[in-house]
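Work through these exercises with the model open beside you. Try each task before reading its solution.

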Amino acid sequence: MKDNHTKTIVQCYYTFFINGVLALIIGSLLPYIRETYHLEYSIAGFLVSAHSIGNLCSSFLGGTLPIWLGRKKATLLLCFNGVTAFVLMTLTGNPFLLILAFFLTGINRGSISNFNNAIINDVSGGKASALNLLHAVFCTGALLAPFLVLLFVRSSNANWVSAALLMAFGLFTQLVVIWRMNVPNNYPSKAKNAKNDWSFLKNKRFLIACGILFSYMCAEQAINGWLVTYLKDTGIMSESFSQIMASLLWGVILIGRLINAALSTRVEKAKLLLVNCFAYVIFFIILITARSSAPCVIAIIGIGFFMSGLYPTTIASVGDIASQYPLALSCILTFAGAGAILMPSIVGIAAQHIGILGGMSVVVIAVAISFLFIAWNAVYSKKSA
């Protein structure tokens, strides 16, 4: 990795740290938004899905707009929406405007995800360790988000508004950092050996990776959006302890990604994915069958640790394709975004009819599908080798 990329890498880490806070603060604020505006479970589920729809749209736009505008201008254009969104959600309880606000937070999150993954992939040559470290920084921001919310609501639940406005300020600083950044391969279509076509969609390894990220994000976004509400509303844990569990989850994900960054230099990516996902399935089943706090804590630790490396390792497994085709990374992140849309709404609708336990139990389907895709990936990788 060249020395002249060091400043850019640090700036990427900062913007992804803010993106991590954004990712988890949505779920941490959701119970207080429901309480303040008297929203039903189904509406709350649509809010989380609106965030994911925005994420999906910007994942696609974040890969196509840079071809014409350049990476920096395209990302600045898309990221301005996040500041607007958090201000808007503090001003109104109108469901349509709240859905718009959550949609705009997704636009911000997806554009930053595409931007950072692309730049780090380019400067590192697609190394899994570099991408795992990037996502470890994301985890650091995510695990701090619930504590940030708890800090504000300790005297009154209505103070969630202040936490949302602080998030808006953080997203503004994100804009400033990107504006000052020296972006490598700013116009990716002009990079050496770049191919502006869709032939990568015929690559089976790439399609399997899309399936992995689709099903993985189904589960991850549902867990992020509903974990605090699930633990609180089932009575398994108190409100404050439920928020701490969200931070614990991302604290363990941080540790797991650092360990995965080290292991990825020694262990084949397909094997690493398979072992992690198998354990992830087991611990998720423990979570939804537990009825007391102790096994829930163990399950959350297990889920966080073993799900931690799935996303960055999958991205790294197709890093060569992403470097060769400017549209490939945008495409795979769009598949991931589509998965993130689906499950939170299904959980909300199911919870409205059969309770929050039934709603969360649906997520096991997505977790199981992830394992099937990863098992297929392991078999295909062995045959290819």
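**Exercise 1.** Does L249 count as buried or exposed?

*Solution.* This is a predicted model, and every value below is computed from it. Start with the place: L249 sits in helix α8, residues 239-263. Next, take the relative accessibility of L249, which is 4%. The cut-off for buried is under 20%. L249 therefore counts as buried. Now list what surrounds it. Leaving out residues up to four places away in sequence, L249 touches I223, N224, L227, I300, I303, G304 and M307. Finish with a distance. L249 and G110 are 139 residues apart in sequence, and their C-alpha atoms are 21 Å apart in space.

**Exercise 2.** Describe how α3 and α4 pack.

*Solution.* First find the two helices: α3 covers 71-89 and α4 covers 95-124. Then take the geometry. Their axes are 7 Å apart, and the packing angle is about 150°. The crossing of α3 and α4 is left-handed. Last, sort the contact by residue class: 17 nonpolar, 7 polar and 2 charged residues.

**Exercise 3.** Place T90 and find its polar partner.

*Solution.* Step one is location. T90 is in the loop between α3 and α4. Step two is exposure. T90 has a relative accessible area of 15%, so it is buried. Step three is the polar pair. A polar atom of the T90 side chain lies 2.6 Å from the backbone oxygen of V87. The limit for a polar contact is 3.5 Å. Step four is the wider set of contacts. Not counting residues up to four places away in sequence, T90 touches Y37, W160, V161, A164 and L165.

**Exercise 4.** Which residues does V87 contact, leaving aside its neighbours within four places in sequence?

*Solution.* V87 lies in helix α3. Its contacts beyond those neighbours are L165 and A168. Recall that L165 is also among the residues T90 touches. Now check exposure. V87 has 33% relative accessibility, so it counts as partly exposed. For a distance, take I53, 34 residues from V87 along the chain: the two C-alpha atoms are separated by 19 Å.

Helix α3 also holds T84. T84 is partly exposed, with a relative accessible area of 36%. The C-alpha atoms of T84 and G54 are separated by 14 Å, and the two residues are 30 apart along the chain.

**Exercise 5.** How many disulfides does the structure hold?

*Solution.* The count is 0. Test it on C79. The nearest cysteine sulfur to that of C79 belongs to C12, and it is 12 Å away. C79 is in no disulfide. Now test C139. Its closest cysteine sulfur is also in C12, at 16 Å, which is too far for a bond. The cut-off for a disulfide is 2.5 Å between the sulfur atoms. Then look at exposure. C79 is buried, with a relative accessible area of 0%. C139 counts as buried as well, at 0% relative accessibility.

**Exercise 6.** Compare N19 with V177: give the helix, exposure and contacts of each.

*Solution.* Begin with the helices. N19 is found in α1, residues 6-37. V177 is in α6, residues 160-179. Next comes exposure. N19 counts as buried because its relative accessibility is 0%. V177 counts as buried too, at 18% relative accessibility. Then take the contacts, leaving aside neighbours within four places in sequence. N19 is in contact with N108, R109, I112, S113, F138 and Q174. V177 is in contact with Q11, Y14 and T15. Add one distance. V177 and N157 are 20 residues apart along the chain, and their C-alpha atoms are separated by 32 Å.

**Exercise 7.** What is the phi of H38, and where is H38 found?

*Solution.* The phi of H38 is positive, about 55°, although H38 is not a glycine. Set that against the general pattern: most residues other than glycine have a negative phi. For the place, look in the loop between α1 and α2 (41-69). Finally, check exposure. H38 is exposed, with a relative accessible area of 71%. The cut-off for exposed is over 50%.

Methods. Residues numbered from 1 in each chain as written. Predicted model: local features only at pLDDT ≥ 70, side-chain atom pairs only at ≥ 80, totals over all residues. Heavy atoms only, no water. Helix = DSSP H or I, 4+ residues; strand = E, 2+ residues; numbered from the N terminus. Buried < 20%, exposed > 50% of the residue type's maximum accessible area, 1.4 Å probe, protein only. Polar contact = N/O pair within 3.5 Å; in protein donor to acceptor, adjacent residues only side chain to side chain. Contact = heavy atoms within 4.5 Å. Axes fitted to C-alpha atoms, helices over the stretch in contact; angles between N-to-C directions. Left-handed = near helix turned anticlockwise from the far one by under 90°. Nonpolar A, V, L, I, M, F, W, Y, C, P; charged D, E, K, R; others polar.
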